[in-house]
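Trainee: Could you help me learn to read how the parts of a protein fit together? I would like to start with packed helices.

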Amino acid sequence: MSSILPALPSGTSKAARIEIPEARRGRWVPYTLPCLDVNKVFKSLNCHKSFELQAGHVLHDLPKFCGFTDYGNLTEDDELDLCEEEARRLVEVANSVEPVKMRGREDLFGLPTQEGYLKLHQLGRKFVHTLHICLHDASVIQAEIFNSDSDHERCADVRERILRDFDPITGQERYATGTEDESRRRYYHELINYTTAIVIQVLLQSIRGEYWVTTIVALIARLAAKAKVLDSNMPQAVMQTLQKASDARIRITQQEERYTQYSLKKPEQYLDEKRRLQASMGSREGQAHKYFLQMSVLYNMVISMLNDAIAGFAVSNPLASGTDDFESSVAIYESFITNESILLCQQRNGSIGAASDAEISRASTAGFEVCRKIWRALDREPRVENKIAWTSIQWKWSQVDEETDSLLPDHMQDTVKLSSMKGVIAATVPYVMISGTFAASLNTLVELVRFTSAEDGTPLFLVKQPKIIGTAVLRTSKYESRRPGQVREDGACPVSESFLLQKRAFANSASRLVSELGTLNLLESIVKNGKKRIITLRDREYSKEALKEGMKMLNTWVIDDDAIIVPYKRYAWGSIALAIILVCSGLAVGFSVGDRIPGVDPTNVSAYCWVVTAFLLLMAKAIRVETWPWSYFLRGQVPCRSVSEVAAVTGVHPQVLLAILLRLDNRMHLRTRGPFNTLFRRRSPDQGGLSIDVPIKAATAIEGGSIPVKVFADWGIGLVFINTRSWASYNSVADQGSYRGHAICPDVDHPYFWSADDQTPCYRLSNIKQDRTVFISRVLGIFEQDCYFY
């Protein structure tokens, strides 16, 4: 604003000064029904022919990022007609107030049996393969234009994914199953249509901005048209995309040779690596840097989004008994410490992940809004009951009042039981888009576009989302049939059975005892009406009040690198006042007695009062903390250098304090030390820092943002931790994957016991180096055993 106002004429009125560009007024807009112009989308389909760099500055005949004329022996007009047909379909979906419906007859998709899911799995893999080809074509253009190591590495990575599944000599898929026919092709096209339509609806539920929305819709239309054309001859498409990379390499080599002809030295003659790189051929984008940057960002991220959207079909758990034997769940719950919304999900492939980043939770909330409309529409449709095989989605939804931080009364919950693969696809595609991987991809796209739009004057706005807590559980009949009889791992459970999903992610009707018990001793065992009950952080209402009260106290503290300084004026000044009274009383006794009592020296009474006063002051200073400097004592402040000292001074329960410190670990400069500080990231290398001298309970670790997951890893059965502390991006652990964290528990089979009742197990944690990754063979579930970590 300061750079704009001086440029205005001195006589500009106040009203005129307020009329600043729309992009600067704010990033949030309320949701309204989209109104896309199909002609503008058509124009964006040909942005490579005429790209406006700036107002009045237009570039022509730029490389086309998603062309497919050579894949189907098509003309430019044929290609444009196919793209416009897809764009028209997507614009109609975007502008419609009705939820998207899955087209096609029921018999085309079959029943949700193992055969039906296997067929869907094969078509999902085909869609992923076509997306890899589209991404490879775009990566070849990027590598040839920018000619940087990162672009060449990205292109090589995509090529490796293609060659993992296809033979480079024949172009045939390795060990492929299934046969192609016309019904399967129609099935595949309907899957593409429905997936891209849902992606558009979720996108418009999340963002606004005419230029960017139009460009992304045109891009998805091109990808949908290309995916359908590639389906006609996949082996030939594989060979052609690999040949494009070979041709690009020849052109790059020829141009580099020509480029070095004009250099005074050859690149290898330079000793300095920077000069050597400068002597090599660099980027060739010219004036079209903006075009290539936008296309690179949009194509990479949109293809990643589509890949995540279809991953629920194309990826199955290799450890499951069949493609129809799985469960997936999503939970959105709130942190009572920072008021952040936390996303926790277990996906179909068995991976468990979470995030506390506000933008990722916002993207997932946008997907939940689309899901609710579609699931409620599916529930109203007449269905033929199928007792042989079915798939169900059970969902719950509650809105949080952001001003009062309380749940609104309009809770929603329902269970949709689907007896055909058509209904399964219709319900599952939007469900996948509330998962962590898709929400993270959508958030990355939005963030990259926001940074780009801030520079070129094409604004992007975020649609306001309500703050919600909710759950969604997708489960097949085969998984349900073995669920009651399955052997539960010791302490491990799926996300659907965790207390985070069952208690924290939906409103409960637990009565409140907070007003009767106080709020800081809620974790103690209490006796009420003759019944003993243990209050822990697992109880939603009690933990909410305790953590809120703890945060109020935290806001009055001063937290530096090594200690927590707590205001303690009543105690300190009260002790000083008592000391003054004792001293004055001793002096008064001495002056009043004088020489009236033979053999008694009144000064001894005064001296005695001084000694008692000094002893009481020393006791007052030492009874709470180990070291209390006089300067702090006189100011009414106490520096606490351990968790137990803070608890003794303030009365806050140690587990409540530990949960708050863990959750805010990324926000504070406080260093930690002591025997139980493994879960903290800012550990002191010396003797400084706050001593974590109280072991951390499992419920405390979860509330603090470290969710323990039981795994079978390269060392055996143990624990790893998913990070949900403040600002944490999406992170997960998956079967046959690697884990890069900071703390693990390599042994849960031999716990220690040191609690008073000698029944609560204690597990030792270990730190892992930043450059080390742990191989996870199998994810066993969320670890919810009542235990301590040290």
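Mentor: Happy to! Two packed helices are described by the angle between their axes and the distance between the axes. In this predicted model, take helix α2 (residues 38-45) and helix α9 (residues 210-230): their axes come within 8 Å and cross at roughly 65 degrees. The crossing is right-handed.

Trainee: Which residues of α2 and α9 make the contact?

Mentor: From α2, they are Lys40, Val41, Ser44 and Leu45. From α9, they are Glu210, Thr214, Thr215, Val217, Ala218, Ala221 and Arg222. By class, this contact has 5 nonpolar, 3 polar and 3 charged residues.

Trainee: How many ångströms should helix α4 span?

Mentor: Helix α4 (residues 76-94) has 19 residues, so at 1.5 Å a residue the expected span is 27 Å. The end C-alpha atoms of α4 are 27 Å apart, which agrees. Its buried residues include Leu80, Cys83, Leu90 and Val91.

Trainee: What covers the buried residues of α4?

Mentor: The cover includes α2 and α9, along with α3 (69-72) and α8 (182-206).

Trainee: And how do I read a sheet?

Mentor: Strands of a sheet pair through backbone hydrogen bonds, either parallel or antiparallel. Here, an open sheet of 3 strands runs in the order β16-β17-β18, with antiparallel pairing. Its edge strands, β16 (558-559) and β18 (637-640), each pair on one side only. Strand β17 (residues 564-567) pairs with β18 over 4 bridges, and Ile564 has Cys640 of β18 as its bridge partner.

Trainee: Which strands does helix α23 touch?

Mentor: Helix α23 (residues 643-650) packs on the sheet and touches β17 and β18. The direction of α23 makes about 150 degrees with that of β18.

Conventions: Residues are numbered from 1 along each chain as its sequence is written. This is a predicted model: local features need pLDDT of at least 70, side-chain atom pairs count only at pLDDT 80 or more; totals for chains, interfaces and linings use all residues. Side-chain values use heavy atoms; hydrogens and water are left out. Axes are lines fitted to C-alpha atoms, for helices over the stretch in contact, and angles run from 0 to 180 degrees between N-to-C directions. Helices (H or I, at least four residues) and strands (E, at least two) are DSSP runs, numbered from the N terminus. A crossing is left-handed if the near helix is turned anticlockwise from the far one by less than a right angle, and right-handed if clockwise. Contact means heavy atoms within 4.5 Å. Ala, Val, Leu, Ile, Met, Phe, Trp, Tyr, Cys and Pro count as nonpolar, Asp, Glu, Lys and Arg as charged, and the others, Gly among them, as polar. Two strands pair if DSSP finds at least two bridges between them. The expected span of a helix is 1.5 Å times one less than its number of residues. Buried means under 20% relative accessible area, exposed over 50%, partly exposed in between (1.4 Å probe, protein chains only).
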